[in-house]
Amino acid sequence: MQENVDSDVFFFTKGMRGARIVDSDIFPNHWLLGGIFDAPDPNQIGLFRTWEMRNMRLMQDRYGEKGPIYIFLGLTPFVFVHEAPCLEALLRSQVNREKNFGYDFLKPWLGDGVLISAGKKWQHRRRNLNSAFHFNILSSYFLMMREIVDEYKESLTKRVKEGIKEFEFHDEFNKLSLQIINYTAMGFKLNYNDPLAERYRKDVDKIKRSLRRALPFLDNLLYSHFEQNEIDWEGVKEEMEVFMFAGHDTTTATSVFALQFITENKEVLAKVLKEQDSIYGDSDRAIEMEDLKSMTYLEQCIKETLRLRAPVREYFRKVNESPLKSSEGDIHISETASISINADFIHHSEKHFPNAFTFNPSRWSSEERRHPYAFIPFSAGPRNCIGQKFAMIELKLVLATLLRNFKFQPKIKSEDTIIASDFISSPWPGCWISVTE
Ligand code: HEM
């Protein structure tokens, strides 16, 4: 059926504008199983991302102007939505906001919480959770984050003084981010050394005590459960799981990649430190929430990191209504297809980001203009990341605290770092960085 075919895929894409099956030199398609045999061994870490990016680039060069690209992984047709107007049409849609079957493997763990659920259930949960991210509430999270980050600074200082010279920062930040999300969402601190039973007992005790304080996130869920009868107990547990997961691996990845990019680039580091000096001078006063607004260059560094190392590099949808209405006309997508939104891919587009593979935070200065849907690390539209402001606060606080207090020397360059493309990206097999005071 498909010998180097360069024509519309007849049964899935009948009548679709620009939908093409890819040429056999990009994905050698098996007549029944499609491109599945060509995919690299997923155990060979880092290869999948390189393979996918290369093939998507080749496809875009050939079919770029013609709309979404179809490929087959096994019997499943996948549609790669790869251009900004098409991404905008899809992500802004109020109708096409359901996740595809690819999220099912998360269900035994995260349940049918806000990350995965659909329809009225999602709408209801999302509305309920939105209130936990208002500005005033974010300010109270900030104070809790600062407490944790200061404790981490003390611990790092102690270990450096004891003579430890190198640290694996993916692991360091993973513990730190977990501690932050645990404390802000649940209201108690983790103690990794506690034996399980003792920890459980203490933690339950602490939860009970902390409920007397204003604990925005868990409080919010408990209020909805007990007072408003809006969410059942299963729902409370689901949403806590979602937040613990969505809120820590992503910020871990961003912190470690940002630390590596900033500290390997002396000019960038000098500008970050100059900005910190302009805010604090010689004073060693604590970082305040207000200060974060003045950290514009640091914010540019974080955005540039999110562009080059999107932690959620790919996410998926299914289509409930076609055609999508784009600024460039209607885009027809088959309702049997799964849609891949590959943030990593559009973030490396030369059209939107000249010298796309170079770390250049200044491209985020306010004069630069680009299509708003060319940069989608937090997704966009009604199903975007609910925690993005929370994440930016955490990232600025962590990076500013560390960069002001320590000197870092990465052991490996960003360009030589293998990126493991699990559900959330990470440096493989870690990211070792020397630290001095
Ligand atoms: C740098 C950090 C982060 C990045 C890059 C990120 C990225 C994303 C992306 C791409 C999505 C859409 C996923 C999809 O469509 O399948 C998403 C959804 C979500 N994120 Fe984040 N996230 C970050 C931090 C956080 C934090 C800190 C929280 C919570 C405190 C959070 C909570 C969520 C939730 C609950 C959703 C599901 C929203 C919905 O479907 O309505 N995220 N995030």
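Pro-429 lies in the loop between β10 and β11, where strands, like helices, are DSSP runs numbered from the N terminus (helices are H or I of at least four residues, strands are E of at least two). The peptide bond that joins Trp-428 to Pro-429 is cis, with omega about 0 degrees.

The model is predicted: local features need pLDDT of at least 70 and side-chain atom pairs count only at pLDDT 80 or more, while totals for chains, interfaces and linings use all residues. Residues are numbered from 1 along each chain as its sequence is written.

**Overall composition**

The protein has 15 helices and 11 strands. Of its 437 residues, 38% are buried. A residue is termed buried if 20 or more other C-beta atoms lie within 10 Å of its own, exposed if 12 or fewer do, and partly exposed in between, with C-beta atoms placed from the backbone. Two residues are in contact if their C-beta atoms, placed from the backbone, lie within 7 Å. Among contacts between residues at least 6 apart in sequence, 75% join residues at least 24 apart.

**Strand pairing**

Strands of a sheet pair through backbone hydrogen bonds, either parallel or antiparallel. Here two strands are taken to pair if DSSP finds at least two bridges between them. The table lists three antiparallel pairs.

| Strands | Bridges | A pair of opposite residues |
|---|---|---|
| β9 (residues 418-421) and β10 (residues 425-428) | four | Ile-419 and Pro-427 |
| β4 (residues 314-318) and β7 (residues 338-342) | five | Arg-317 and Ile-339 |
| β8 (407-410) and β11 (residues 432-436) | four | Pro-410 and Ile-433 |

A hairpin of three residues connects β9 to β10. Strand β7 is mostly covered, as four of its five residues are buried.

Strands β3, β11 and β8 form an open sheet in the order β3-β11-β8, with antiparallel pairing. Because β3 (166-168) and β8 (407-410) stand at the edges, each with a single partner strand, one side of each has no neighbour in the sheet. On average, neighbouring strands of this sheet are turned by 35 degrees against each other, direction ignored. Helix α10 lies across β8 and β11 and runs at about 95 degrees to β8. For such angles, axes are lines fitted to C-alpha atoms, for helices over the stretch in contact, and angles between N-to-C directions run from 0 to 180 degrees.

**The shell around the ligand**

The ligand is surrounded by 23 residues, of which Ala-246, Gly-247, Thr-250, Cys-385 and Gly-387 come nearest. A residue is near a molecule or strand if its C-beta atom, placed from the backbone, lies within 6 Å of it. Helices α9 (233-246), α10 (249-264) and α15 (388-405) are the elements that each give two or more residues to this shell. By type, the shell holds 14 nonpolar, six polar and three charged residues. In this division Ala, Val, Leu, Ile, Met, Phe, Trp, Tyr, Cys and Pro count as nonpolar, Asp, Glu, Lys and Arg as charged, and the others, Gly among them, as polar.

**Helix α6**

Helix α6 (residues 169-186) contains 18 residues and reaches 25 Å from its first C-alpha to its last, close to the 26 Å expected at 1.5 Å a residue. The expected span is 1.5 Å times one less than the number of residues. Buried positions of α6 include Phe-169, Phe-173, Leu-176, Ile-180, Ile-181 and Ala-185. Polar or charged side chains are also found among the buried residues, including those of His-170, Glu-172, Gln-179 and Asn-182. An α-helix has 3.6 residues a turn, so residues three or four places apart point the same way. Gly-187 follows α6 and has a positive phi, near 90 degrees.

**Individual residues**

Two residues in the loop between α14 (343-347) and α15 have a positive phi without being glycine. Asn-355 is found in that loop, and its phi is near 50 degrees. Asn-355 is exposed because 9 other C-beta atoms lie within 10 Å. Ser-379 is also placed in the loop between α14 and α15, with a positive phi of about 60 degrees. Ser-379 has 17 other C-beta atoms within 10 Å and is therefore partly exposed.

Ser-294 belongs to helix α12 (residues 289-294). With 14 C-beta neighbours inside 10 Å, Ser-294 counts as partly exposed. Ser-278 is 16 residues from Ser-294 in sequence, and the two are 9.1 Å apart in space, C-alpha to C-alpha.
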